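Colleague: I would like to learn how to read a protein model, step by step. Could we begin with a pair of packed helices?

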Amino acid sequence: MQRREMRLPSGGDGLRIRPLEEGDLDWVLPIEQCTFSEPWSRDGFLNSLRSVDTIYLAAVWEGQGAGYCGLLRSFEEADITNVAVAEAFRNRGVGRQMLQALMEKERRQGIRRFTLEVRTGNEPAIHLYESLGFEAVGVRKNFYRFPTEDALIMWTKDGEDSAE
């Protein structure tokens, strides 16, 4: 896949964060397949989109799908289950803006803490998550496959609001 160079203006002008819709799966699934060694299926996404305990956001740049993220709520906590950015939009703040929007929205709904897992070797993602207030609290051995790799378990502090 050829990387198309584009600049996102500072402040994210032109980037729209909105709820993910079923119709977005046509561009979400290729990003999912390019990003993850064990990608979710269309049915997996559809089931999650229809659940009352999940929320998914889409990042769209000038009509083109740039990324998506989602979480599963459980009482006052939420597990961020998906974060993916199309290769052409990486390192441009799309992931940060999506996660900030997701976390801010859910904090207004009463979520106090967020958790996620990330490959121990995914340093760019780890740095992003740390900048949003996540801290490493443990490791899940051999959590990922293809290739086998440990997962770093990360949590935000109770009620922390560093996603601003």
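Colleague: Which hand does the crossing of α1 and α2 have?

Modeller: The crossing of α1 and α2 is right-handed. The residues that touch are L25, D26, V28, L29 and E32 on the α1 side, with R42, F45, L46 and L49 on the α2 side. By character, this contact of α1 with α2 has 6 nonpolar residues, no polar ones and 3 charged ones. Keep in mind that this is a predicted model.

Colleague: What else describes such a pair?

Modeller: Two packed helices are described by the angle between their axes and the distance between the axes. Here α1 covers residues 25-35 and α2 covers residues 42-50; the angle is about 120° and the axes lie 11 Å apart. That is why α1 and α2 count as oblique to each other.

Colleague: At what angle do the axes of α3 and α4 cross?

Modeller: Their axes cross at roughly 40° and come within 11 Å, with α4 spanning residues 123-131. α3 and α4 are therefore oblique to each other, and their crossing is right-handed. The contact involves G95, R96 and L99 from α3, and L128, Y129 and S131 from α4. Those residues of the contact of α3 with α4 divide into 3 nonpolar, 2 polar and 1 charged.

Colleague: Now the sheet, please. In what order do its strands come?

Modeller: First the general idea: strands of a sheet pair through backbone hydrogen bonds, either parallel or antiparallel. In this model, 7 strands make an open sheet with mixed pairing, in the order β1-β2-β3-β4-β5-β7-β6. β1 (15-19) and β6 (134-144) are the edge strands with a single partner strand each, so one side of each has no neighbour in the sheet. On average, neighbouring strands of this sheet are turned by 25° against each other, ignoring direction.

Colleague: How many bridges join β2 to β3?

Modeller: There are 8 bridges between β2 and β3, and the two run antiparallel. T54 stands opposite L72 in β3. β3 and β4 also run antiparallel, joined by 8 bridges, and there S74 faces E77 in β4. At the edge, β6 pairs with β7 (residues 149-156) in the antiparallel sense over 7 bridges; R140 has A151 in β7 as its bridge partner.

Colleague: Which helices lie across these strands?

Modeller: α2 lies across β2, β3 and β4, at about 115° to β2. α3, residues 94-108, lies across β1, β2, β3, β4, β5, β6 and β7, and runs at about 35° to β3.

Colleague: And what should I look for in the backbone itself?

Modeller: Look for exceptions to a simple rule. Most residues other than glycine have a negative phi, and most peptide bonds are trans. E62, in the turn of the hairpin that β2 and β3 form with 2 residues between them, has a positive phi of about 50°. The hairpin of β3 and β4 also has 2 residues between its strands, and F75 in that turn has a positive phi of about 60°. As for peptide bonds, the one joining F146 and P147 is cis, with omega about 5°. P147 sits in the loop between β6 and β7.

Colleague: How far does the confidence reach?

Modeller: The protein chain averages a pLDDT of 90, and 88% of the residues score at least 70. Over residues 1-11, though, the pLDDT is below 50, and this stretch has 19 contacts beyond near neighbours in sequence in the model.

Technical notes:
Residues are numbered from 1 along each chain as its sequence is written. This is a predicted model: local features need pLDDT of at least 70, side-chain atom pairs count only at pLDDT 80 or more; totals for chains, interfaces and linings use all residues. Side-chain values use heavy atoms; hydrogens and water are left out. pLDDT is the predictor's confidence in each residue, from 0 to 100. Contact means heavy atoms within 4.5 Å. Axes are lines fitted to C-alpha atoms, for helices over the stretch in contact, and angles run from 0 to 180 degrees between N-to-C directions. Helices (H or I, at least four residues) and strands (E, at least two) are DSSP runs, numbered from the N terminus. Angles under 35 degrees count as roughly parallel, over 145 as roughly antiparallel, 65 to 115 as roughly perpendicular and the rest as oblique. A crossing is left-handed if the near helix is turned anticlockwise from the far one by less than a right angle, and right-handed if clockwise. Ala, Val, Leu, Ile, Met, Phe, Trp, Tyr, Cys and Pro count as nonpolar, Asp, Glu, Lys and Arg as charged, and the others, Gly among them, as polar. Two strands pair if DSSP finds at least two bridges between them.
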